[in-house]
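Trainee: Could you take me through one part of this structure slowly? I would like to see how the details fit together.

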Amino acid sequence: MIRTRLVAQRLAFLFLLGCFFFNYPLLSIFNQGGSLFGMPSLYAWLMGSWLALIGLLALVIEGMRD
Amino acid sequence: MSHRILIADDEPNIVISLEYLLKKEGFEVAVAKNGEAVLALAGEFRPDLVLLDVMMPIKSGFEVCEGLRADAAQAHLKIIMLTAKGRETEVAKGLALGADAYITKPFSTKDLIVRIKSLLA
Amino acid sequence: MLQVWVIVLASFLYLGVLFGIAWYADHRADHGRSLIANPVVYALSLGVYCTTWTFYGSVGRAAANGIGFLPIYLGPTLLFALAGFILYRMIRVAKANRITSIADFVASRYGKSQLLGGLVTVIAVVGVIPYIALQLKAVSNSFTILSSYPEIVMPASAGAVPLFQDSALYVAMILAAFTILFGTRHLDATERHEGMVAAIAVESIVKLVAFLAVGTFVVWGLHGGVADVFARAAEVPEVARRLTRADTSAAYGSWGTLIFLSLFASLLLPRQFQIAVVENVDVKHLDRAVWLFPLYLFLINLFVLPVALAGLLHFPAGTVDADTFVLTLPMAHQQEGLALFVFIGGLSAATGMVIVETIALSTMVCNDLVMPLLLRMRWLGLAEKADLSGLLLEIRRWAIAIILGLGYLYFRVAGEAYALVSIGLISFAAVAQFAPVVIGGLFWKGGTRDGALAGLAIGFVLWAYTLLLPSFAKSGWLPEGFIAHGLFGIELLRPQHLLGLAGLDEITHCLVWSLLANVGAYIGVSLLRVPNAREARQASLFIGGTDLSGHLAWSGSAGVADLLPLASRFLGRERAEDAFMRHARSRGLHSVEELPGDARLVNFAENLLAGAIGSASARAMVSSVVSEEPLGLDEVMNILDEASQVRAYSRELEQKSLELTRATAELRQANERLRELDRMKDDFISTVTHELRTPLTSIRAFSEMLQEDPKTDLEQRSKFLGIIVSETVRLSRLINQILDLAKLESGRAEWTVAAVDVGEVIREAADSLTVLFAEKSVTLDLGGCATGLSVMADRDRLMQVMVNLLSNALKFVPAESGLVKVAARGTISEVRVSVTDNGPGIHVADHEVIFDKFRQGSGNTDVLTDKPQGTGLGLPISRQIVEYFNGRLWVESTPGNGACFIFTLPRHSGDNGPAPLQAGNDNQPGGAQ
């Protein structure tokens, strides 16, 4: 599956998305204390966006299967 | 009791010859000059037999044949198709559509009369 | 319950289970029914990335630093998102080139250099030793703590305990023994260890479950759920600090650095490379791993922060080392079973790491460090020895023992200076030095062996200087002044503030300098010269995607008699013979003896050996046997040229096939057109037949009738005869027209071309039709005809056209009121004649139809209901004639407004001279003639 150029490129896009999610400046936004869903906002953001990224990775890979 | 024959052809001279021929044999004759008129006259004139030319304006002989055969009221009607086109496909088509006989032009007048009489017998 | 013997027994039981699984998996593999050929197993085995660092150290880091433990796991997630570009390529290349370790990869890529392989091995061993020490520390500490139950006692510092009471020593010894049993039972040509992979996969499950168990216990057992933990944490200011990070650029910088660092480490650590690349069964398994492995990382990290916070809340500050919270929290609440399970989980994590890492390292040490050295020492006479497989295994066993010994040593010497996580990061930074040469090796053809050597060397030196040595200094084994004042007291050479660079944490600082120098040297030195033949070839193999496997690098030869014993020496007789037999069969031969001593055999032997002793050593061994004619740059270039020629040729082929497809399409179209024309011809013949037979019908019918009845009355008789005559005439005219048209269309008509006065022709035509016009009482107006209009044409044919147009008009105008107007005008270049009538007009749809043979516009029944007179051929003939003389004939008309037929002909400026542009106001008396 990864052999398809399209899948590889989509995954690379997710790579860039991840770089964006996991770093400054988004981190700074969530780093101001306060909470989100009962959890500290930074923790919630990181764990949440991480899980979302994993979900997107799964979607790109499994979605391309017949 | 004389049989009624409907002549359907758009060639005036052919119509004249057929009219004369048939009247001489003692048939009642009506003439239709195009396909639509044939269907209309068939209802009015109630012929026993139709001499149907294939190449006619508005509706072709084939269409008329189909139409006549579709009409239950004309179930008893005999149809002889006349045409100058003699290809086998045309013949087969005509017979398939329900014509009783198919005669190519130019025809023999004697032949024609014999055919008509045998169909009406 | 938690007495020492229980703990020990449980540990050995667990290790025994692992061993059993490994043995069973190997057994299955030997019989061809692999247990591990499964993407889930592959993804789980990657979980070996999580060691006691994850199990214990993350919580410790979280307790100190909040979410700062997390970046180490985000990096690998991102790496797998790039799987398509890096991982997939790497696995493919590794399989194609029989790569057995990361040292092998680098050595092979840069021209099969043994020196490079050795350097990579040294860096790997030195770099990973702290990491191994970390595992030993974790296991021995956790053992000590657990066995002190029910008291919670922090273990003494590493160096303090006397040697033979140090549980860490025993742990090291046991792990060494276990690993040796595990991984050096036999030599595998591909360096794959199915048993190990199966055991690691199981081990990943165990540690995940253990961590989730303790996490669940802490969050829902000790507290009322996740929100509760965070809420309580927020209440205590000290603890609440952990909920956010320092908002400084340095903090974000080091965060980003750690992500970047772990991205590379998760591929370049020897154990990661081994599992992810070497042990990979099928590259397709990578697909699922792309998201399964990150998911694993996510799950195992889910409870880290809550557990850390709970620990901080529970234990008074400074009493309990946060690294141990996963163990001490259950212990503090009398959860004996859970605590034991957690200990086993930690043991599992440590064992997995140690086994895989030391096996990978021992392979490298054996193939890339020791063997090349030993082979060089000819006085050892190794080249003559019959069976070296035993020696290879021995070397590996010793390597495992020594590495673990060094790990223990580091633990004693430097293990106290840092928390677990920090030790691990030192190793990460070491393997990060491989990144430039590995990534460059996959994407840049310009990298040379010298560049790689330079980059690695300087990177390693800087790493050691800025990170490794300071760790010794911080433990007191090197003078403290070294850190504070720099080497030889030079301030600028302070190892953690090199050249005065301040404000960075030590990891980032190390990476900045080491990678900068590494990359710079790699690229700079590589560019000093062009890659040589071998490097170029290897570069093509690793990068280009050109499959040069058909091109053999050996142009020399050696026979089976030499190569088989050589292989046997390293693989053992049985395995070597097996492999050669398979090779012979693959070439369609029946026995090993039949194998010709050609380059292909040599290549095969080299590949086979590479699996056992690394590609660099294999090359050396084979070349000692083969009488090689070394390939010059020219020859390699020829090979490469051939490859590019083949590519160019196939491009040509592609183009040709494209042209062919286009030509075929055109042919098909032409065929279609021909078939249509054929149909049209059939139609034409059919129609002509019909047209000819129709008058014949009347003729025959009337003739027969007259014949039949001689007594027909006179009136009828003359009528009939009249019809016969007229039909005969009609028939002849039709036949003439058909022949005429046929002649015109086939170009066989005869033309008499001369200057013709158009006006004259019009008048003549009109004259010939006077009678007919009069009969129908139709007016013919010739007023619009100018004089002096001359064209080059056939007079008779032009007449034919005029007659045709006039008689058509006559046919369709109403009687009495009919009016036909003819106009003829001229411009400088052409003559234009129009015939206008006031008949019923012609539908736009029929404007072209009427010029078709036999068509008389009867398709549009609004205008014509009766059968029109005429043959239907007049207009087509007229058009043929007009067009023959380069003119045009067309009609303009709308229903109800009559019709206007117009034709143009090129004007002839004859003796009359150029005709004046008259408006055609000649006053010819129009009206009926």
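Is C:Phe55 buried or exposed, and why does it count that way?

Mentor: Happy to help. This is a predicted model, in which local features need pLDDT of at least 70, side-chain atom pairs count only at pLDDT 80 or more, and totals for chains, interfaces and linings use all residues. Residues are numbered from 1 along each chain as its sequence is written, chains are lettered from A and ligands numbered from 1 in the order in which they are written, and side-chain values use heavy atoms, with hydrogens and water left out.

C:Phe55 counts as buried because its relative accessibility is 1%; buried means under 20% relative accessible area, exposed over 50%, and partly exposed in between (1.4 Å probe, protein chains only). Its ring partner, C:Phe211, is buried too, with a relative accessible area of 0%. The two ring centres lie 5.6 Å apart and the planes stand at 75°, so this pair is edge-to-face. For such pairs, rings of Phe, Tyr and Trp (its six-membered ring) must have centres within 6.5 Å; planes under 30 degrees apart count as stacked, over 60 as edge-to-face and the rest as tilted.

The pair joins distant parts of the chain: C:Phe55 sits in helix α3 (residues 52-65) of chain C and C:Phe211 in helix α9 (residues 194-222) of chain C, 156 residues apart. Helices (H or I, at least four residues) and strands (E, at least two) are DSSP runs, numbered from the N terminus.

A second edge-to-face pair is formed by C:Phe851 and C:Phe901, at 6.4 Å centre to centre with 65° between the planes. This pair also links distant parts of the chain, 50 residues apart: C:Phe851 belongs to the loop between β5 (830-837) and α33 (874-884) of chain C, and C:Phe901 to strand β7 (residues 899-906) of chain C. Both C:Phe851 and C:Phe901 are buried.

Over all chains, the structure holds 32 aromatic pairs. There is also an aromatic cluster, made up of C:Tyr49, C:Trp53, C:Tyr73, C:Phe80, C:Tyr131, C:Phe293 and C:Phe428.

Chain C also meets chain A, in a contact that takes 35 residues from chain A and 39 residues from chain C; contact means heavy atoms within 4.5 Å. One salt bridge is counted between chain A and chain C. In it, the side chains of A:Glu62 and C:Arg288 meet at 3.3 Å, N to O, where the cut-off is a side-chain nitrogen of Lys or Arg within 4 Å of a carboxyl oxygen of Asp or Glu.
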